[in-house]
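Thanks for coming, everyone. I'd like to walk you through one structure today. Let's put it on the screen.

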Amino acid sequence: MTHQSLVRPPLVMGIVNVTPDSFSDGGRHATTEAALAQALALIDQGADVLDVGGESTRPGSDPVDAAEEIARVGPVIAALRARWNGPISIDTMKPAVARAAVAAGATMWNDVTALRHAPDSLTTAAELGCEVVLMHMKGAPKTMQDDPRYEDVAAEVVAFLADRAEAAMAAGVLRGRIWLDPGIGFAKTTAHNLTLTARLDAVAALGFPVLYAASRKRLIQGVDETATAATDRLGGSLALALEGARRGARMVRVHDVRETVQALKLQAAVTAAA
């Protein structure tokens, strides 16, 4: 990576969880009013994109039916779109939820299953014409952390993401609308997550923009055992966001937007001065 590539910091995606059971802030923004207030606060803090989710995908989480998920996120996206013209992402694995979200104003579909959850996921993404994030995950959130194993985690994740990008394009998703996410914390040990972060450039080398999402994740506790609560992981979250940016991420998904924006600005300024 050249120094010049870091002069422009990656985009910052702020997280808006409209769920009662998110690992980081479960229940705090579970109403439309609270979620909208949180979203507007993140915009004020410098978020470029907002990622709205109505189903937790934390390890051990239970699934939510599509109707409930739509009831959670639809009003939030519609209210946010009425107040803001920026990019809004829907964090869902369900095509029906993605359709409802785009109808309400979403412009990106962030899918932890890389459009594998339903038979019509790929064709729905193509029909919607929105940007899509294809993420790597083995299994389902309920059991994904039971015993994840890889021969070569980076090579396997890169191969998976390349295959899913090809499948999306074959279904009609335009290449320029595809993002890739290595899935930090999804069916991966601390060692796997560290290796993927160190080799993020291999994902970027596929030629698609990379979304890196490690904010407040258990990876941080895996390195610093004192960081038992998600809210105790700001330092680790910033370190990982900076490392993701240095290794090729074009966007970072975070809870702590203001601090991340500031850290990335300083990183870019130092790089530009080198």
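Let's start in the middle of things, with helix 3, residues 95-104. One caution before that: this is a predicted model. In helix 3, five residues are buried: Pro95, Val97, Ala98, Ala101 and Ala104. Look at the spacing of Val97, Ala101 and Ala104. An α-helix has 3.6 residues a turn, so residues three or four places apart point the same way.

What covers the buried residues of helix 3? The cover includes two helices, helix 2 at 66-83 and helix 4 at 121-128. It also includes strand 3 at 88-91 and strand 4 at 108-111. Now go just past the end of helix 3. There sits Gly105, with a positive phi of about 130°.

Keep Gly105 in mind, and turn to Ile77. Setting aside neighbours up to four places away in sequence, Ile77 contacts Gly105. Ile77 also contacts Ala101 and Ala104, as well as Ala106. Val52, Ile88 and Ile90 complete that set.

Ile77 brings us to the largest nonpolar core. That core has 64 residues. Which of them touch the most other members? They are Leu50, Ile77, Leu134 and Ile178. The biggest giver to this core is helix 5, residues 153-171, with eight residues. Apart from that core lies another one, of seven residues. Among its members are Met13, Val49, Met108 and Trp179. As a general point, nonpolar side chains tend to be buried together in soluble globular proteins.

Let's step back to the whole protein. The secondary structure comes to ten helices and eight strands. The radius of gyration is 17 Å, close to the 19 Å that the globule rule gives for 274 residues, so the protein is as compact as a globular protein of that length. Along the principal axes, the C-alpha trace spans about 50 × 40 × 35 Å. How much of the protein is buried? Of the 274 residues, 52% count as buried.

Now the contacts. Take those between residues at least 6 apart in sequence: 69% of them join residues at least 24 apart.

And the surface. The protein exposes about 11600 Å². Carbon and sulfur atoms supply 53% of that area. As for charges, there are 27 positive and 31 negative ones. Their mean positions are 3 Å apart.

Next stop, the loops. Between strand 2, at 49-53, and helix 2, you'll find Val64. Is Val64 buried or exposed? It counts as buried, because its relative accessibility is 13% and the cut-off is under 20%. Leaving out residues up to four places away in sequence, Val64 touches Gly54, Glu55, Glu69, Arg72 and Lys94. Gly54 is ten residues from Val64 in sequence, and their C-alpha atoms are 8.3 Å apart.

Move on to the loop between strand 4 and helix 4. Ala114 lies there. Ala114 is buried, with a relative accessible area of 0%. Check its backbone too: phi of Ala114 is near 55°, a positive value in a residue other than glycine.

One more loop, between strand 7, at 211-212, and helix 8, at 218-223. Ala213 lies in it. Ala213 counts as buried, at 4% relative accessibility. Beyond its neighbours within four places in sequence, Ala213 is in contact with Asp181, Ile184 and Arg253. Val254 is 41 residues away along the chain, yet the C-alpha atoms of Ala213 and Val254 are separated by 6.8 Å.

Arg216 is found in this loop between strand 7 and helix 8 as well. Arg216 is an arginine that counts as buried, with a relative accessible area of 11%. Its phi is positive, about 60°, although Arg216 is not a glycine.

To finish, two residues with more open settings. Ala71 is in helix 2. At 49% relative accessibility, Ala71 counts as partly exposed. Thr32 is 39 residues from Ala71 in sequence, and the C-alpha atoms of the two are 9.7 Å apart.

Then there's Lys265, in helix 10, residues 257-273. Lys265 is exposed, with a relative accessible area of 55%. Which residue is 255 places from Lys265 along the chain, with its C-alpha 9.5 Å away? That's Pro10. That's my tour, thank you.

Key: Residues numbered from 1 in each chain as written. Predicted model: local features only at pLDDT ≥ 70, side-chain atom pairs only at ≥ 80, totals over all residues. Heavy atoms only, no water. Core = buried A, V, L, I, M, F, W, Y, C linked by side-chain atoms within 4.5 Å. Buried < 20%, exposed > 50% of the residue type's maximum accessible area, 1.4 Å probe, protein only. Helix = DSSP H or I, 4+ residues; strand = E, 2+ residues; numbered from the N terminus. Contact = heavy atoms within 4.5 Å. Rg over C-alpha atoms; globule rule 2.2 N^0.38 Å. Areas by Shrake-Rupley, 256 points an atom, 1.4 Å probe, with all protein chains shown as cover. Lys, Arg positive; Asp, Glu negative; His and termini not counted. Charge placed at Lys NZ, Arg CZ, Asp CG, Glu CD.
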